[in-house]
Amino acid sequence: VVAANWDPSAPTVLEFFTRATPWALAPDCPSRYLLRYEDGVPVAAAEVCFAAGVAGIYNVCTLTAWRERGHATHLMRAAMSLARENGFDRAVLQASEDGARVYARLGFEPVGDFVEHRLGG
């Protein structure tokens, strides 16, 4: 779902998840991966990483054709429940403009800006 959500599609994202699968699915991995299905088709995804005393929520995405149906909200609620079940009372995330609306409805508040830089090479 994450790789398919890029336009054009991102083979590097698919390659990353393929290579990371053994680690990501290991019982001691601090991350959990959530998928939302509709009619047997995966349409949305999210990742929750438990580290440094917080639940980091990453890679929340819904395939374009399935947006505006509550899938991201459902996954966010599941991620926050999972965090609480694991003893975490704080969650952090980086929001896109589209995602910020969803997160605000769930009680998230902006606390600063996040700047990305491309490494020269």
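Contact here means heavy atoms within 4.5 Å. By that yardstick, Phe108 touches Ile57, Met76, Met80, Ala91, Leu93 and Tyr103, leaving aside residues up to four places away in sequence. The model is a predicted one, and Phe108 makes a handy way into it. Phe108 sits in the segment after H3. With a relative accessibility of 17%, Phe108 counts as buried, since the cut-off for that label is under 20%. One of its partners, Met80, is 28 residues away along the chain, and the two C-alpha atoms are separated by 11 Å.

Stepping back to the whole chain, there are 3 helices and 4 strands. Read from the N terminus, the order of elements is α-β-β-β-α-β-α. A compact globule of 121 residues would have a radius of gyration near 14 Å, and the 15 Å of the protein chain agrees with that. Along the principal axes, the C-alpha trace spans about 35 × 35 × 30 Å. As for burial, 33% of the 121 residues make the cut. Taking contacts between residues at least 6 apart in sequence, 47% join residues at least 24 apart.

The outside of the chain can be summed up briefly. Its accessible surface comes to about 8,700 Å², and carbon and sulfur atoms account for 54% of that. The chain carries 11 positive and 14 negative charges, and the mean positions of the two sets are 3 Å apart.

Helix H3, residues 97–105, has a buried set made up of Gly99, Val102 and Tyr103. Looking down the axis of H3, these buried residues fall within an arc of 95°, so they line one face of the helix. The general geometry helps here: an α-helix has 3.6 residues a turn, so residues three or four places apart point the same way. On the other side of H3, Glu97 and Arg105 are exposed. What do the buried residues of H3 pack against? Their neighbours are strand E3 (54–62), helix H2 (71–85) and strand E4 (91–93). Tyr103, one of the buried residues of H3, also turns up among the contacts of Phe108.

Helix H2 brings its own buried residue into the picture, since His71 is found there. His71 has a relative accessible area of 2%, and is therefore buried. Not counting residues up to four places away in sequence, His71 touches Arg36, Glu38, Val43, Ala44, Thr62 and Trp66. Take Glu38 from that list: His71 and Glu38 are 33 residues apart in sequence, with 9.1 Å between their C-alpha atoms.

Two residues stand out for their backbone angles. Asn59 has a phi near 55°, a positive value in a residue other than glycine. Asn59 belongs to strand E3, and at 38% relative accessibility it counts as partly exposed. Glu68 is not a glycine either, yet its phi is positive at about 65°. Is Glu68 buried or exposed? Glu68 is exposed, with a relative accessible area of 71%, and its place is the loop between E3 and H2.

Technical notes: Residues are numbered from 1 along each chain as its sequence is written. This is a predicted model: local features need pLDDT of at least 70, side-chain atom pairs count only at pLDDT 80 or more; totals for chains, interfaces and linings use all residues. Side-chain values use heavy atoms; hydrogens and water are left out. Helices (H or I, at least four residues) and strands (E, at least two) are DSSP runs, numbered from the N terminus. The radius of gyration is taken over C-alpha atoms; the globule rule is 2.2 Å times the number of residues to the power 0.38. Buried means under 20% relative accessible area, exposed over 50%, partly exposed in between (1.4 Å probe, protein chains only). Accessible areas come from the Shrake-Rupley method with a 1.4 Å probe; for residues, only the protein chains shown count as cover. Lys and Arg count as positive and Asp and Glu as negative; His and the chain ends are not counted. The place of a charge is taken as NZ of Lys, CZ of Arg, CG of Asp or CD of Glu. The arc is that of the directions from the helix axis to the C-beta atoms.
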